[in-house]
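Me: I am new to this structure and would like to learn how a sheet and a nonpolar core are read from it. Could you take me through them step by step?

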Amino acid sequence: GGGPRPHVPAGVTPTWPLTERRPPAAHRHRGAGGPAARRKVVPRNKPRKSFLYPSMANEEDDPIIQEIDVFLARSLLEKLYLFQYPIRPASMTYDDVTHLSAKIKPKQQKVELEMAIDTLNPNYCRSKGEQIALNVDGTCTDETSTYSSKLMDKQTFCSSQAASNVSRYAAAVYKKGELHLTPLHGILQLRPSFTYLDKADAKHREREAANEGGDSSQDEAEDDVKQITVRFSRPETEQARQRRVQSYEFLQKRQAEEHWVHLHYYGLKDSRSEHERQYLFSQGHGLAENTELIKSPSEYLMMLMPPSVEEENDKPMAPSSVLSMAQLRTLPLADQIKILMKNVKVMPFANLMSLLGSGTDSTAVLRCIQQVAMLVQGNWVVKSDVLYPKDTSSPHSGVPAEVLCRGRDFVMWKFTQDRWVVRKEVAAVTKLCPEDVKDFLEHMSVARINKGWEFMLPYDEDFVKKHPDIVQRQHMLWMGIQAKLEKVYNFVKEHLTPKKQEAQSAHALLVSGEQRVNMAKAKVKQNYGQLEKEFQKQKAEMKSNDTSAKIDVSNIHIKEEPVSDEEPMDTSAYEGMNNGIVNGLHAEDSTDSLNGHLPGGCIDRVAQELKAFVSSTFRKQFVLTLSELKRLFNLHLASLPPGHTLFSGISDKMLQDMVLDTGCKQILVPFPPQTAASPDELKVYALWEAGDTYDQHRQVLLEIFSKNYRVRRNVIQNQLSQECGEDLNKQEVDRVLKDCCVSYGGMWYLKGTVQS
């Protein structure tokens with residue numbers, strides 16, 4: 001009640017659900033073609049007690065005035081739909097509106113109708129109609145245009161299901177004392193569709209991109225080189241397949257796969273419509289009665305009014321991140337705690353008790369919480385195997401759940417020792433990708449600038465004091481996890497030894513980032529002095545033993561680079577590939593080098609190898625930032641055999657000097673002031689002379705980028721033509737651009753300078 005009245009063709013009576021009709025006191029049920037039931041018509045001012053209590057009613061007080069035969073028509077079975085137009089009143093029908101086209105997806109029961117708009121109506125704004133058509137189709141007119149007349153002269157109606165279960169609905173036609181019912185196959189509500197606005201937005205974005213790109217050719221989009229990551233998918237589990245099938249993207253794809261079936265629309269007064277309406281009447285009244293369909297009054301009543309069963313599919317599905325507290329408290333206590341911890345991840349015990357509601361036994365909660373969480377800093381942190389169940393993998397790197405659990409356990413263990421954790425240290429130990437490590441840290445900590453990651457909750461002294469037995473039990477569990485981590489990650493023993501605290505309630509000592517840097521510098525200076533003394537001692541021993549030692553001491557040098565200014569190039573990200581080499585240096589027991597101090601012959605070989613690498617790299621790439629060059633150098637080191645001379649230690653300064661010595665020049669690109677590029681990314685080097693015919697063109701191009709951060713193609717082409725004194729064809733310009741630049745958004749940048 002209260003809703004819009006449905007619009008149906010004339011002569012067809014839309015019925016309410018059969019459950020709202022009162023069944024007759026006496027009935028006869030027949031098969032197809034026979035009367036399905038016989039209704040009594042009684043005066044409305046008399047109560048119908050005979051229906052409720054037929055055995056006790058006095059039928060003489062409730063006389064039968066008329067009996068109506070009810071027939072079941074099956075000619076339009078699974079073909080009859082009821083259309084409703086909720087946005088229009090019943091007095092404003094679409095019967096006289098010109099229907100341009102109609103189509104349907106039978107499996108989805110989805111219908112689309114195109115209806116003409118009366119553009120000559122005085123209420124129609126012609127200027128708005130022209131503007132909408134221009135926004136949707138642009139200036140060109142072809143077969144794909146939505147509005148071929150350059151005027152919004154039609155609108156599309158798209159359907160949605162008003163009810164998922166229509167087995168209790170039928171359309172009725174009353175004629176000559178007979179009521180004919182045809183079951184409905186679907187009830188659809190049609191509303192205007194605004195997909196043309198999406199097309200207008202797409203056209204607007206295309207025009208903006210074209211204006212921004214200028215006269216850049218279509219090939220530039222193809223020339224835009226992007227780095228891709230190749231990942232191999234794991235075999236799909238049954239749970240993963242079910243989640244994928246229930247996902248919104250999968251349902252949208254499956255709906256799009258069903259093809260439209262185009263229909264012919266016939267008006268209300270068309271002869272074909274009159275012919276189809278005859279199928280609403282039951283055919284073949286003279287068929288023999290089907291005795292198998294005879295039902296008792298109670299059975300017939302049950303058929304008309306079946307018990308209402310709420311389908312689970314009709315319940316609205318809440319997002320996985322949304323938790324209903326009302327539904328949560330209907331679950332067992334263990335499931336409540338598991339769901340809460342899985343969503344919150346870190347929680348004090350007092351907050352957990354408040355969420356579980358009053359009257360919850362704290363002892364039972366403590367027993368359940370230890371099954372799904374671990375104690376860290378007096379607070380409870382959800383276990384790793386709860387977040388990463390078996391047979392799952394990382395969404396970032398595809399790493400299996402077992403490896404993720406070990407890495408997250410290491411982060412949790414670190415927070416049991418200190419309130420601060422350094423992300424690089426975790427990545428270096430666990431060998432996991434930065435995205436996975438960041439996820440671990442975000443579960444239980446907050447990033448602080450120049451300090452690291454701090455545990456997100458304060459130390460809970462109250463819980464530690466009230467439950468010392470729980471704290472002791474958790475401490476023993478952490479000792480077992482520590483032993484397991486020691487075996488898996490092969491730690492040095494002192495690195496895993498827990499820090500001794502004066503009291504369990506004492507807070508960890510906070511060390512700022514500046515203090516750590518100063519301590520590291522002091523330690524480096526101390527080690528440098530010790531190494532120099534050892535070297536002088538070894539030098540004196542070698543002088544006194546000329547007969548047994550043939551090493552030319554005059555060729556032994558000590559690196560004199562400032563310790564605080566120039567550090568060895570960081571290759572820690574490739575530790576696992578350097579055959580035991582750390583930061584480009586051999587271990588202490590190696591005989592090839594001694595802490596980076598090499599004889600003169602080795603220095604020459606190192607310079608030759610480094611020069612060969614730099615020269616070959618720039619002849620392939622032409623333009624590189626220092627950051628990209630260091631990355632390629634690390635990959636080169638990983639491919640070398642153990643004991644190679646390049647493992648003696650190459651600093652950033654040595655690498656940059658070698659770049660300049662091989663005929664390259666630094667290009668001072670004017671980066672924008674708000675750039676977020678690192679210092680290594682701001683240093684751009686380019687090969688000035690390659691010895692081919694395009695040297696002059698590349699030099700002109702590099703001069704352009706020494707004055708501009710990004711340039712359009714037409715500017716580059718005009719400058720090349722002016723400086724080189726000839727008209728270059730498209731292939732020659734493309735060759736020069738491919739050597740040194742990349743295209744992004746219609747603009748050209750030097751390689752490595754595009755900011756994400």
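Me: In what order do the three strands of the open sheet lie, and is the pairing parallel or antiparallel?

Reply: A sheet is read by following its strands from neighbour to neighbour, and in this predicted model the order is β18-β20-β19, with antiparallel pairing in an open sheet. Because β18 (623-625) and β19 (664-667) each have a single partner strand, they stand at the edges, and one side of each is left without a neighbour in the sheet. From one strand to the next, the twist averages 30°.

Me: How many bridges join β18 and β20, and which residue of β20 is the bridge partner of Val-623?

Reply: Strand β20, which covers residues 684-687, pairs with β18 over three bridges in the antiparallel sense, and the partner of Val-623 is Ala-686.

Me: Which helix lies across β18 and β20?

Reply: That is helix α22, made of residues 626-638, and it runs at about 90° to β18.

Me: Which residues have the most contacts inside the largest nonpolar core?

Reply: A core is read by asking which buried nonpolar side chains are joined to one another. The largest one here has 54 residues, and those with the most contacts inside it are Ile-337, Met-341, Ile-369 and Trp-380. Helix α14 (residues 401-417) gives the most to this core, namely eight residues. Leaving aside residues up to four places away in sequence, Ile-369 touches Ile-337, Met-341, Leu-352 and Trp-380. Another core, of 51 residues, lies apart from that one, and Tyr-685, Ala-686, Trp-688 and Val-742 are among its members.

Technical notes:
Residues are numbered from 1 along each chain as its sequence is written. This is a predicted model: local features need pLDDT of at least 70, side-chain atom pairs count only at pLDDT 80 or more; totals for chains, interfaces and linings use all residues. Side-chain values use heavy atoms; hydrogens and water are left out. Two strands pair if DSSP finds at least two bridges between them. Helices (H or I, at least four residues) and strands (E, at least two) are DSSP runs, numbered from the N terminus. Axes are lines fitted to C-alpha atoms, for helices over the stretch in contact, and angles run from 0 to 180 degrees between N-to-C directions. Contact means heavy atoms within 4.5 Å. A nonpolar core is a set of buried Ala, Val, Leu, Ile, Met, Phe, Trp, Tyr and Cys residues joined through side-chain atoms within 4.5 Å. Buried means under 20% relative accessible area, exposed over 50%, partly exposed in between (1.4 Å probe, protein chains only).
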